[in-house]
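Reader: I should like a close look at a single part of this model, followed outward to the elements around it. Please set out the placement and the contacts in one connected account.

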Amino acid sequence: MPEFVGAVDQGTTSTRFMIFDHSGNEVAKHQLEHEQILPQPGWVEHNPVEIWERTRAVIQTAMQQQHLTHADLAALGVTNQRETTVVWDRHTGRPLYNAIVWQDTRTDRIASALDRDGRGEVIRRKAGLPPATYFSGGKIQWILENVDGAREAAERGDALFGNTDSWLLWNLTGGPDGGAHVTDVTNASRTMLMNLETLDWDDELLSFFGVPRAMLPQIRPSSDPESYGTTRPDGPLGGEVRLTGDLGDQQAATVGQVCFAPGEAKNTYGTGNFMLLNTGTELVRSTSGLLTTVAYQLGRDPAVFALEGSIAVTGSAVQWLRDQLGIISGAEQSESLARQVEDNGGIYFVPAFSGLFAPYWRSDARGAIVGLSRYNTNAHLARATLEAICYQSRDVVEAMEKDSGVRLDVLKVDGGITANDLCMQMQADILGVPVSKPVVAETTALGAAYAAGLAVGFWASTDELRANWNEDKRWTPTWDAARREAGYAGWKKAVTRTLDWVDVS
């Protein structure tokens with residue numbers, strides 16, 4: 001019996017491969033960054049071929065670290081940056097265009113047109129999403145309308161669409177030589193093309209974007225005992241392993257944080273922040289700017305839904321301090337720099353680089369640093385950047401409480417920024433509730449492994465997964481109510497300064 005499960009975690013800035021044992025402990029990991037392609041303001045692209053090459057490399061390296069072979073893996077799961085859109089030729093495997101990343105705003109006019117003529121309300125009702133640049137549908141439409149030959153290829157069935165999960169699953173299972181063109185319900189729910197009630201592509205929604213059904217992947221459960229396919233002997237694992245888990249990254253983190261009961265919530269701190277609240281098998285329609293999305297589907301069980309608050313720019317704001325401004329040399333330095341001052345010195349940084357996502361959904365917004373005086377230093381800006389992560393999360397928590405009536409007792413957190421002790425303490429202070437981090441902070445990959453392992457009986461039930469969860473650290477609030485509310489009032493005022501900056505009419 002194989003002792004481990006593997007998981008590919010294909011993220012916005014990097015790809016990693018992780019191997020876990022039955023207790024959910026990390027056995028091996030390798031990670032590589034890929035290029036962020038920024039052709040013009042608001043455009044963000046990735047090279048799908050580079051992502052596939054990085055995926056091959058991280059799998060091979062992680063396996064070699066522990067001298068493992070494909071026979072040591074019971075199953076393989078995939079999790080991915082959601083909404084990022086790849087269109088490729090089914091015969092050659094070559095992308096027709098770079099992947100258009102979820103942060104990209106080039107489709108703002110497509111999104112605003114949907115809202116003007118009433119189609120937006122249909123999308124909200126059927127797909128649970130507002131028309132926004134964030135989601136895949138408009139990105140597919142842009143490629144079909146702007147890349148020579150793309151529409152003709154799509155109509156013939158020669159051009160395939162997928163988020164990066166589909167792209168990797170297709171390549172891992174053979175690519176042009178019989179690769180499986182599949183996705184799961186969580187990724188499909190991020191396209192504006194799937195009906196949440198039927199869990200299938202919806203012809204009316206497809207017509208809004210001019211997307212031929214022939215280019216779409218088959219929608220499968222997130223944990224599938226029938227498997228999506230097997231890896232090839234000539235692939236990075238060197239042999240056959242069943243691919244049985246597929247989840248969008250935030251849904252994977254929800255599984256990794258074992259949020260299996262209605263009312264349980266987690267917040268993942270990555271390139272952006274993504275908070276999900278399990279609502280069970282009930283579809284809860286948001287009236288407060290949240291998304292209704294699929295949390296997961298395990299085998300033949302009914303799909304479980306969630307309310308989600310998606311925040312576009314959190315960790316990538318720290319990356320901006322490093323790469324564009326050059327005021328820190330690495331992400332960890334943001335904490336030491338911010339600790340040089342006691343507060344933000346009166347400044348707020350609203351990193352609306354891709355507009356504002358939940359709960360505002362304003363594609364006309366752009367980033368702003370407000371309240372500046374000559375007193376302020378780079379340390380104040382570093383602190384304001386960390387505070388922005390926490391204030392944006394509070395915006396989402398407030399919206400979730402309005403929609404669900406559930407008051408958070410504790411916030412489960414995961415992702416890279418949870419290593420920043422100051423930021424997590426600020427999160428507890430700004431929310432006024434304790435913040436809890438598990439021993440395995442990289443719960444996205446763990447969730448993909450759990451989904452894959454459940455499908456093949458490596459784990460017998462979700463109860464076994466719950467038993468694996470252990471708290472590593474807890475932060476409790478230290479601010480009084482007056483300071484908390486004054487800080488949040490300043491944040492809300494700063495947000496108003498970012499609006500109506502870009503004309504999207």
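Author: In this predicted model, T15 belongs to strand β2, which comprises residues 14–20. T15 counts as buried because its relative accessibility is 0%, the limit for that class being under 20%. Its side chain makes a polar contact of 3.1 Å with the side chain of Q10. With residues up to four places away in sequence set aside, T15 touches V8, D9, Q10, H30, Q31, L32, H34, I51, R54, T55 and V58. Among these partners, I51 leads into helix α1.

I51 is itself buried, since its relative accessibility is 1%. Q10 and I51 are separated by 41 residues in sequence, and their C-alpha atoms are 8.0 Å apart in space. Once neighbours within four places in sequence are left aside, the contacts of I51 are Q10, T15, H34, H46, Q81 and L168. Q10 therefore appears in two settings: its side chain has a polar contact with that of T15, and Q10 is also in contact with I51.

Helix α1 as a whole can now be described. It covers residues 48–65, and its 18 residues should span 26 Å at 1.5 Å a residue; the end C-alpha atoms are 26 Å apart, so expectation and model agree. At the start of the helix, a side-chain oxygen of N47 comes to within 2.9 Å of the backbone nitrogen of V49. Beyond the helix follows H67, with a positive phi near 55°. The buried residues of α1 are P48, E50, I51, W52, T55, V58, I59, A62 and M63. Of that set, I51, T55 and V58 are among the residues that T15 touches.

Helix α14, residues 443–455, offers a second case of helix length and burial. Its 13 residues reach 18 Å from the first C-alpha to the last, close to the 18 Å expected at 1.5 Å a residue. Because 13 of its 13 residues are buried, α14 is largely enclosed by the rest of the structure. G457 follows this helix, and its phi is positive, near 80°.

Two strand residues may be taken next. S310 is found in strand β18, residues 304–311, and is buried, with a relative accessible area of 0%. The side chain of S310 takes part in a polar contact of 2.7 Å with the side chain of E308. Another polar contact, of 3.4 Å, links the side chain of S310 to the side chain of Y134. Apart from residues up to four places away in sequence, S310 touches R82, Y134, R190, N273, F274, L291, F357, A358 and W361.

M275 lies in strand β16, which runs over residues 273–280. M275 is buried, its relative accessible area being 1%. M275 and L307 are 32 residues apart in sequence, while their C-alpha atoms are 8.2 Å apart in space. Leaving aside neighbours within four places in sequence, M275 is in contact with K266, N267, L307, E308, G309, S393, V396, V397, M400 and L411. E308 thus belongs to the contacts of M275 and also makes the 2.7 Å side-chain polar contact with S310.

The account closes with two helix pairs. Helix α10, residues 315–325, and helix α12, residues 378–404, have axes that come within 9 Å and cross at roughly 150°. That crossing makes α10 roughly antiparallel to α12, the class that applies to angles over 145 degrees. In this pair, A317, V318, L321 and L325 of α10 meet L381, A382, T385, L386 and I389 of α12. Sorted by class, the contact holds eight nonpolar residues, one polar residue and no charged residues.

In the other pair, helix α2 covers residues 108–116 and helix α3 covers residues 119–127; their axes come within 5 Å and cross at roughly 95°. The two helices are therefore roughly perpendicular to each other, a description used for angles of 65 to 115 degrees. From α2, the contact is made by A113, L114 and D115, and from α3 by R119, G120, I123 and R124. Here the classes comprise three nonpolar, one polar and three charged residues.

How values were computed. Residues are numbered from 1 along each chain as its sequence is written. This is a predicted model: local features need pLDDT of at least 70, side-chain atom pairs count only at pLDDT 80 or more; totals for chains, interfaces and linings use all residues. Side-chain values use heavy atoms; hydrogens and water are left out. Axes are lines fitted to C-alpha atoms, for helices over the stretch in contact, and angles run from 0 to 180 degrees between N-to-C directions. Helices (H or I, at least four residues) and strands (E, at least two) are DSSP runs, numbered from the N terminus. Angles under 35 degrees count as roughly parallel, over 145 as roughly antiparallel, 65 to 115 as roughly perpendicular and the rest as oblique. Contact means heavy atoms within 4.5 Å. Ala, Val, Leu, Ile, Met, Phe, Trp, Tyr, Cys and Pro count as nonpolar, Asp, Glu, Lys and Arg as charged, and the others, Gly among them, as polar. The expected span of a helix is 1.5 Å times one less than its number of residues. Buried means under 20% relative accessible area, exposed over 50%, partly exposed in between (1.4 Å probe, protein chains only). A polar contact is a pair of N or O atoms within 3.5 Å; within protein, one must be able to donate a hydrogen and the other to accept it, and residues adjacent in sequence count only if both atoms are side-chain atoms.
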